Amino acid sequence: MSLLLLSAGCSFTYGNELSDDTPDSHSQKSWSALLANKLGYDYATVAKPGASNQTIARSLIDHITHSTSLPQAVAVMWTFTSRFEYNDRIKGDFIQVSRESAKTNDSIRSYYEVFGDDEINELYVSLSSFFYLQMALTAKDIPFIFTTADSSPLKRHFAVNPNTSISALIKNIDWSKWYWVDHMNDEDGFYAWGKRNYPVGPRGHPLDQAHQQLAADMLPLALTSLR
């Protein structure tokens, strides 16, 4: 029986600007697709360009809840904490919110000014998403590993730790399942590490070489955590 690795994330997992990038399908050269190949697993993804951490958690939980078969492993790259989603009751769908979209959309700007532009709220929402997905995967006995495109807000909070609710989430997240990109040099996740060390595309995404190196670097943790 073939085994399946299911990934989730934003454009860094979907594979925007990689050499096989097309408008209609995800890349087979992303870090997560390469990791699946190294493990000998089939590969699928629910990654969405521009996704927030709320979207990443929701999309993956929706998939494992409604799919007729469960993946044998899950790999997630979380994204920038400054992204959010909310349900637009008029459109009947979730809307992505970010500093960038707030510049061009009045409704999103209002939402962001009231709700989003606060680092404590950013951290609480993202940490809740991490914990929410961790619990869902654990409940279904699906092995998983997490990494992140941007860890700088988390690092700032770990140093200051001003909020007891956030502290409670930090204590309940299983950090042993996390791969910290270039942690020895205190990098800020895949995005900063990739931009510093490897070629990037016109829109700022690290290209094939960075994804190849990340997959190789994550393999030891994957071998112990996903089997």
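Q: Contact means heavy atoms within 4.5 Å. Among contacts in the chain between residues at least 6 apart in sequence, what share joins residues at least 24 apart?
A: The share is 69%. This is a predicted model, where local features need pLDDT of at least 70, side-chain atom pairs count only at pLDDT 80 or more, and totals for chains, interfaces and linings use all residues. Residues are numbered from 1 along each chain as its sequence is written, and side-chain values use heavy atoms, with hydrogens and water left out.

Q: What makes the chain as compact as a globular protein of its length?
A: Its radius of gyration (taken over C-alpha atoms) is set against the globule rule, 2.2 Å times the number of residues to the power 0.38. The chain comes to 17 Å, and the rule gives 17 Å for 227 residues, so the chain is as compact as a globular protein of that length. It holds 10 helices and six strands. Both are DSSP runs numbered from the N terminus: helices are H or I with at least four residues, strands are E with at least two.

Q: Why is Arg 58 called buried or exposed?
A: Buried means under 20% relative accessible area, exposed over 50%, and partly exposed in between (1.4 Å probe, protein chains only). Arg 58 has 19%, so it counts as buried. In the whole chain, 51% of the 227 residues are buried.

Q: Why is the pair of Asp 62 and Arg 58 called a salt bridge?
A: A salt bridge needs a side-chain nitrogen of Lys or Arg within 4 Å of a carboxyl oxygen of Asp or Glu. Here the N to O distance is 3.8 Å. Asp 62 and Arg 58 are about one helical turn apart, because they sit four residues apart in helix H3 (residues 53-66). Asp 62 has 37% relative accessible area, so it is partly exposed.

Q: How many salt bridges are found in the whole structure?
A: The search finds five. One of them joins Arg 203 to Asp 21, with the closest N and O atoms 4.0 Å apart. That pair links distant parts of the chain, 182 residues apart. Arg 203 lies in the loop between H9 and H10, and Asp 21 in the loop between helix H1 (11-14) and helix H2 (31-39).

Q: Why does Arg 203 count as buried or exposed?
A: Its relative accessibility is 57%, so Arg 203 counts as exposed. Its partner Asp 21 has 28%, so Asp 21 is partly exposed.

Q: What separates Arg 109 and Asp 106 in helix H5?
A: They are three residues apart in H5 (residues 106-116), which means about one helical turn. Their closest N and O atoms are 2.3 Å apart, in a salt bridge.
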